[in-house]
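Welcome to this tour. Open your viewer, find the selection tool, and follow along stop by stop.

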Amino acid sequence: MERRPVNGFNWHSSWPAPAKLNLFLHVVGRRPDGYHLLQTVFRFIDRADTLRFAPRNDGEIVLATPIPGVPPDSDLTVRAARLLQQATGCQQGACIHLEKNLPMGGGLGGGSSDAATVLLALNHLWQTGLSRPALEKLGLTLGADVPVFVHGRNTFAEGVGDRFTDVELPAASYLVLQPPAHVPTAAIFGSPLLPRDTPPIRAAEWRPGIGHNDLEAVACAGFPPVAEHLAWLRQFAPSAMMTGSGACIFAEFARRSEAEAVLAKLPAGMNGWLADGLDAHPLANL
């Protein structure tokens with residue numbers, strides 16, 4: 001991923017929207033309004049979508065690279081830009097170019113990360129001046145994972161994903177498997193089989209290796225490729241788990257060479273790739 005001084009970001013820049021992994025994901029309750037109460041640790045990795053922006057003087061928000069099957073008006077990048085306009089009264093517009101490298105429905109937070117990068121980038125480019133906490137609140141209206149990408153730090157998250165206790169994580173490499181499945185988040189959280197009473201843990205007590213993913217069994221039952229990829233990876237890394245609501249599976253390795261060795265064994269027909277953990281989002285200090 002490209003590194004550059006934050007002061008160098010401008011209308012000519014490429015803006016990263018990195019993926020995240022959930023190092024564990026527990027469902028600890030449910031609010032009366034139906035929102036699930038979660039605990040998780042988000043880690044950013046160096047695989048990302050890329051966005052570029054061009055100014056418009058007519059106030060319009062235009063997505064130059066629409067995703068097939070997703071109406072531009074409902075695309076998270078367009079919604080994020082318009083939300084920032086409405087919140088600040090900004091009269092400027094933008095043309096958005098999005099290069100998608102992260103799968104949809106993969107549990108890597110691609111759409112949420114794109115939306116967060118739009119908020120961060122256009123707040124900087126339009127000079128609308130919102131603080132990062134204010135952008136986090138805006139992001140929450142777009143989706144539960146958007147605030148953490150605005151927050152920009154590896155963090156222990158609670159509530160609906162909007163309360164953060166930052167954590168320091170050791171250097172690590174990850175082997176990520178990408179099953180041929182699009183797992184709808186709503187279907188997983190709506191399942192009657194989903195456990196919703198995992199005992200909460202204190203952020204100060206969490207250490208790498210603690211926890212599991214409560215959504216994993218539901219996804220494996222409904223999407224056999226997820227179960228197949230998880231079973232294969234656990235032969236080599238027993239702690240492998242699903243990220244988010246799926247479909248992607250990952251395992252952590254202290255040395256990249258270990259991850260490369262397992263990737264070399266990947267059977268034909270399975271798709272996988274390597275990524276390194278980041279200390280923070282590339283735009284954390286913008």
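## A first pair of charges

Select Arg31 and Asp33: these two form a salt bridge, with their closest N and O atoms 2.8 Å apart. Keep in mind as you look that this is a predicted model. Side chains of opposite charge can pair when their charged atoms come close. Are these two buried or exposed? Arg31 counts as partly exposed because its relative accessibility is 34%, and Asp33 is partly exposed too, at 48%. The structure holds eleven salt bridges, and you will visit some others on the way.

## Helix α2

Next, select residues 110-125, which make up helix α2. Try placing a distance between the C-alpha atoms at its two ends: they are 22 Å apart. Why does that value agree with what should be there? The helix has 16 residues, and at 1.5 Å a residue it should span 22 Å, so the two values agree.

Now show the surface around this helix. How many of the residues of α2 are buried? The count is 14 of 16, so that α2 is mostly covered.

## Where two helices cross

Add residues 76-88, helix α1, to your selection. Two packed helices are described by the angle between their axes and the distance between the axes. Here the axes of α1 and α2 come within 8 Å and cross at roughly 35°. The crossing is right-handed.

Which residues make the contact? Colour them by helix:

- From α1, pick Leu76, Thr77, Ala80, Ala81 and Leu84.
- From α2, pick Gly111, Ser112, Asp114, Ala115, Val118, Leu119, Leu122 and Asn123.

Sorted by character, the residues of this contact comprise eight nonpolar, four polar and one charged. While α2 is on screen, recall a general point: an α-helix has 3.6 residues a turn, so residues three or four places apart point the same way.

## From α2 to a loop

Stay with Asp114 and select Lys100 as well. Their side chains meet in a salt bridge, 3.2 Å from N to O. Asp114 lies in helix α2, while Lys100 is in the loop between β4 (93-99) and α2, so the pair ties together parts that are 14 residues apart in sequence. Asp114 counts as buried because its relative accessibility is 3%, whereas Lys100, at 29%, counts as partly exposed.

Now add Asp49. Through salt bridges that share partners, Asp49, Lys100 and Asp114 are joined into one network.

## Just past the end of α2

Select Gln127, which follows α2 and sits in the loop between α2 and α3 (132-140). What is special about its phi? Gln127 has a positive phi of about 55° although it is not a glycine. With a relative accessible area of 69%, Gln127 is exposed.

## A link between distant parts

Jump to Arg256 and Asp276, whose side chains meet in a salt bridge at 3.0 Å, N to O. This pair links distant parts of the chain, 20 residues apart: Arg256 is in helix α8 (residues 256-263) and Asp276 in strand β10 (residues 272-276). Both are partly exposed: Arg256 has a relative accessible area of 33%, and Asp276 has 25%.

## Last stop: a cis peptide bond

Finally, zoom in on Gly246 and Ala247. The peptide bond that joins them is cis, with omega about 20°. Which loop holds Ala247? Look between β8 (241-242) and β9 (249-253), and you will find Ala247 there.

Notes: Residues numbered from 1 in each chain as written. Predicted model: local features only at pLDDT ≥ 70, side-chain atom pairs only at ≥ 80, totals over all residues. Heavy atoms only, no water. Helix = DSSP H or I, 4+ residues; strand = E, 2+ residues; numbered from the N terminus. Expected span 1.5 Å × (residues − 1). Buried < 20%, exposed > 50% of the residue type's maximum accessible area, 1.4 Å probe, protein only. Axes fitted to C-alpha atoms, helices over the stretch in contact; angles between N-to-C directions. Left-handed = near helix turned anticlockwise from the far one by under 90°. Contact = heavy atoms within 4.5 Å. Nonpolar A, V, L, I, M, F, W, Y, C, P; charged D, E, K, R; others polar. Salt bridge = Lys/Arg side-chain N within 4 Å of Asp/Glu carboxyl O.
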